[in-house]
Amino acid sequence: MDFFNTLLLTLRLAGVTTVILLVLGIPIAYRLAYTRSFLKPVFEAMVSLPLVLPPTVIGFYLLIAFSPNSALGEWLQNNLDIRLVFTFEGLVLGSVIYSFPFMVQPLQSGFEHLPPHLAEASYTLGKSTWVTLWRVLLPNIRPALLSGIVLSFAHTVGEFGVVLMIGGNIPSVTRVASIAIYDEVEALNFAAANQYALTMVVLTFVFLVLFFRFNRRSQQWITR
Amino acid sequence: MDHSISSLNCSLQLKDSQRSFYLEVDLQLYPKELLALTGPSGSGKTTILRILAGLEKRAKGRLWVQGELWQDSAQGIFLAPQQRSIGVVFQDYALFPNMSVLQNLQFALPKTENQTLIEELLEVMDLQELKTAYPRELSGGQQQRVALARALVRRPKLLLLDEPLSALDTQMREHLQGFIRLLHERYALTTLLISHHPEEIQRLADRVIVMEKGKIISENLTQETKPAGLLLSAIWLAPQNGRIRVQLGDNELQMPEPAKAFADYLPGQEVWIRMVSAERFEVCDEEKLR
């Protein structure tokens, strides 16, 4: 039972994180792609920071920031009744930050590789930024959109350092598959570790096959 | 003020790796005319088109279009492209790859309009057979026809064409020039055409404006006064310091008055000319100018 709970928790974390990243990532990638601001490199560096920082560094700072002993953590708990350390919500926050560049970078690249006048043509046809984004830009960056979704999902499934730091190892609450594998190996329980690991390999493989299949179809659809 | 005339009076600093100068223009667009804007690359032609379309917000000045104030930096007025009655054809056509020809046109159709105009445009532009095709399946000429039709779906007051035929071969260009003139007249449009091709300007334009480094260096070359005909029968080589270097065509001697200016020159010869007024221009002595 613990095995399935852990797997479900892992998939739930990856799913929720990916949805949040989609909602946040699309407007941010759009802005980054089209901004002429001289601060663009600064924003791009901020988005890319989780790529190069050790996950434990991100986890450490999140732990410090949201601990009930910190001013922010105390304020959140007292005023909004939100506790992020050692909770599923905390895992989601950590995962969103950690996987942020995996969603934003493919989307930004997708927007930047669109023909330059596509958005402007839509505006001159009377369409708002929202309609232009929804009906013109996003349908034409479907491969980038799929890449962002798959990379964010897979990256969240595989993360270890951040979730361990902010979530700890509480069964059915914060114990995701990667932590369970580590735990079982530490207890020299290799059969259980293998069960988790093999399931992860199979799931990830199936997920990637589906991705490449959809990606091919969407590219054919765009270029036909 | 004549409300049928559109006027743009603006300035804007153009600064990038290729150029650094002030664009300063004061131009009028008369109703139902096809005005051609020409000049060397980087002289600010496309910027003018973008200012008219509302795609360039930084310009200082005022833009009136047929009695409506679209832009006035002093009063903080700026109509977004969506609020302007414009049709724009970009150099790269900018057709939406995820939509068929018909869907590209339908996308542009205001909710209150019915499909009649789309059907008419498909027929006029000879696109009926292609309406289910996607942009990738079309030739350059076909894409251009779709882009032109799409630009007209909103019944714009201004049609803005940014070198619409530059990517096409000569034969296709001539074919499509006919479509542009046809649409311009059929829908009584006021059209601004950016072009580098003298033959294209000669065939299509009622009036020509030449730009260089952000300034208008000659204008009012109307079909009525014919110097445009003479000028454009020559091959345009390079505007510079208010002068235009041309290679004379074969038919300059057929032009009555202006032809006298070229009496001492042979067809095919290169000369510098300077516009003095709408009716007059003079051949510059290159040696003296140096």
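Angles between helix axes under 35 degrees count as roughly parallel, those over 145 as roughly antiparallel, those from 65 to 115 as roughly perpendicular, and the rest as oblique. In this predicted model, that scheme can be applied to a pair of helices in chain A, namely α1, which spans residues 2-34, and α8, which spans residues 142-158. Their axes lie 8 Å apart and the two helices pack at an angle of about 140°, and α1(A) and α8(A) are therefore oblique to each other. The contact is built on the α1(A) side from A:T10, A:L13, A:A14, A:T17, A:T18, A:L21, A:L22 and A:G25, while α8(A) contributes A:G148, A:I149, A:S152, A:F153, A:T156 and A:V157. Sorted by character, the residues of this contact comprise 7 nonpolar and 7 polar, with no charged residue. As for handedness, the crossing in which α1(A) passes α8(A) is right-handed.

Chain B can be taken next, beginning with its own fold. Its secondary structure consists of 8 helices and 15 strands, and of the 290 residues in the chain, 42% are buried. When the contacts in chain B with a separation of 6 or more are considered, 63% of them come from residues 24 or more positions apart.

The two chains also touch each other, in a contact to which chain A gives 17 residues and chain B gives 18. On the side of chain B that touches chain A, the elements supplying two or more residues are β7 (86-89) and α2 (101-108) of chain B. The residues of that side divide into 13 nonpolar, 2 polar and 3 charged.

Note on methods
Residues numbered from 1 in each chain as written. Chains lettered and ligands numbered in written order. Predicted model: local features only at pLDDT ≥ 70, side-chain atom pairs only at ≥ 80, totals over all residues. Axes fitted to C-alpha atoms, helices over the stretch in contact; angles between N-to-C directions. Helix = DSSP H or I, 4+ residues; strand = E, 2+ residues; numbered from the N terminus. Left-handed = near helix turned anticlockwise from the far one by under 90°. Contact = placed C-beta atoms within 7 Å. Nonpolar A, V, L, I, M, F, W, Y, C, P; charged D, E, K, R; others polar. Buried ≥ 20, exposed ≤ 12 C-beta atoms within 10 Å, placed from the backbone.
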